[in-house]
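Trainee: I've got a protein model to read and I don't know where to begin. Could you walk me through it?

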Amino acid sequence: MNADHSDQTTVLEPEKLDLKPPGMFKVLLLNDDFTPMDFVVAVLEKYFSKNREQATRIMLQVHREGKAVCGVYPKDIAETKVQQVIAFSRRNEHPLQCMMEEM
Ligand code: TYC
């Protein structure tokens with residue numbers, strides 16, 4: 001908006017853009033009846049930097065509760081993780097599903 005001043009100068013104020021801080025996204029694995037447990041553990045180690053014990057705990061949570069959070073990331077990182085996990089699973093002929101959710 002332009003502010004009019006008595007000395008005839010015009011101050012150009014910055015346009016108010018509707019900016020919000022970049023959100024964080026949970027990346028989740030979903031249960032299915034076919035993907036082997038050891039493959040899910042390997043995914044959690046490879047793409048989410050979990051050790052064997054952490055990976056096993058998350059895999060079992062998915063198996064028992066239907067889904068679990070593997071990690072929390074900025075949007076672009078979360079999108080890449082989802083794509084990588086799905087591509088790796090399909091290359092290995094498993095139906096494992098991975099999704100993201102804004103927090
Ligand atoms: N339910 C699978 C089985 O019994 C194991 C599994 C765990 C699959 C986690 C997917 O995200 C998953 N073999």
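**Reading the model together**

Mentor: Sure, let's begin with the surface: the protein's accessible surface comes to about 7,500 Å², and 52% of that belongs to carbon and sulfur atoms. Keep in mind that this is a predicted model.

Trainee: How many helices and strands are there in the protein?

Mentor: Three helices and five strands. Reading from the N terminus, the order of the elements is β-β-β-α-α-β-α-β.

Trainee: And what share of the residues counts as buried?

Mentor: A residue is called buried when its relative accessible area is under 20%. Here 30% of the 103 residues count as buried. You can also ask how far along the chain contacts reach: among those between residues at least 6 apart in sequence, 66% join residues at least 24 apart.

Trainee: Let's take one helix. How do I check the length of α3?

Mentor: Compare the expected span with the one in the model. Helix α3 covers residues 75-91, and at 1.5 Å a residue its 17 residues should span 24 Å; the C-alpha atoms at its ends are 24 Å apart, so the two agree.

Trainee: Which residues of α3 are buried?

Mentor: They are Ala78, Lys81, Val82, Val85, Phe88 and Ser89. Look down the axis of α3 and these buried residues fall within an arc of 140°, so they line one face of the helix. The elements that cover them include β3 (24-30), α1 (37-48), β4 (67-74) and β5 (97-102).

Trainee: What about the other side of α3?

Mentor: There you'll find Asp76, Gln83 and Arg91 exposed.

Trainee: Can we compare a residue from each side? Is serine 89 buried or exposed?

Mentor: Serine 89, in helix α3, has 0% relative accessibility, so it counts as buried. Setting aside neighbours within four places in sequence, serine 89 touches Phe39, His94 and Leu96. Aspartate 76 also sits in helix α3, but with 51% relative accessibility it counts as exposed, because the cut-off for that is over 50%. Aspartate 76 also shows how a chain folds back: methionine 24 is 52 residues away in sequence, yet the two C-alpha atoms are 9.7 Å apart in space.

Trainee: What comes after α3?

Mentor: Glutamate 93 follows α3, and its phi is positive, near 60°.

Trainee: Now the ligand. Which residues surround it?

Mentor: Start by listing the neighbours, then pick out the polar contacts. The ligand is surrounded by Leu29, Leu30, Asn31, Asp32, Thr35, Met37, Val40, Met59, Val62, His63 and Leu96. A polar backbone atom of leucine 30 is 2.8 Å from an oxygen atom of the ligand. A polar side-chain atom of asparagine 31 is 2.8 Å from a ligand nitrogen, and a polar backbone atom of threonine 35 lies 2.9 Å from a nitrogen atom of the ligand. On its own the ligand has 350 Å² of accessible area, and the protein covers 88% of that.

Trainee: Where does threonine 35 lie?

Mentor: In the loop between β3 and α1. Threonine 35 has a relative accessible area of 12%, so it is buried. Its side chain reaches the backbone nitrogen of leucine 96 at 3.3 Å. Leaving out neighbours within four places in sequence, threonine 35 is in contact with Val40, His94, Pro95 and Leu96.

Notes
Residues are numbered from 1 along each chain as its sequence is written. This is a predicted model: local features need pLDDT of at least 70, side-chain atom pairs count only at pLDDT 80 or more; totals for chains, interfaces and linings use all residues. Side-chain values use heavy atoms; hydrogens and water are left out. Helices (H or I, at least four residues) and strands (E, at least two) are DSSP runs, numbered from the N terminus. The expected span of a helix is 1.5 Å times one less than its number of residues. Buried means under 20% relative accessible area, exposed over 50%, partly exposed in between (1.4 Å probe, protein chains only). The arc is that of the directions from the helix axis to the C-beta atoms. Contact means heavy atoms within 4.5 Å. A residue is near a molecule or strand if one of its heavy atoms lies within 4 Å of it. A polar contact is a pair of N or O atoms within 3.5 Å; within protein, one must be able to donate a hydrogen and the other to accept it, and residues adjacent in sequence count only if both atoms are side-chain atoms. Accessible areas come from the Shrake-Rupley method with a 1.4 Å probe; for residues, only the protein chains shown count as cover.
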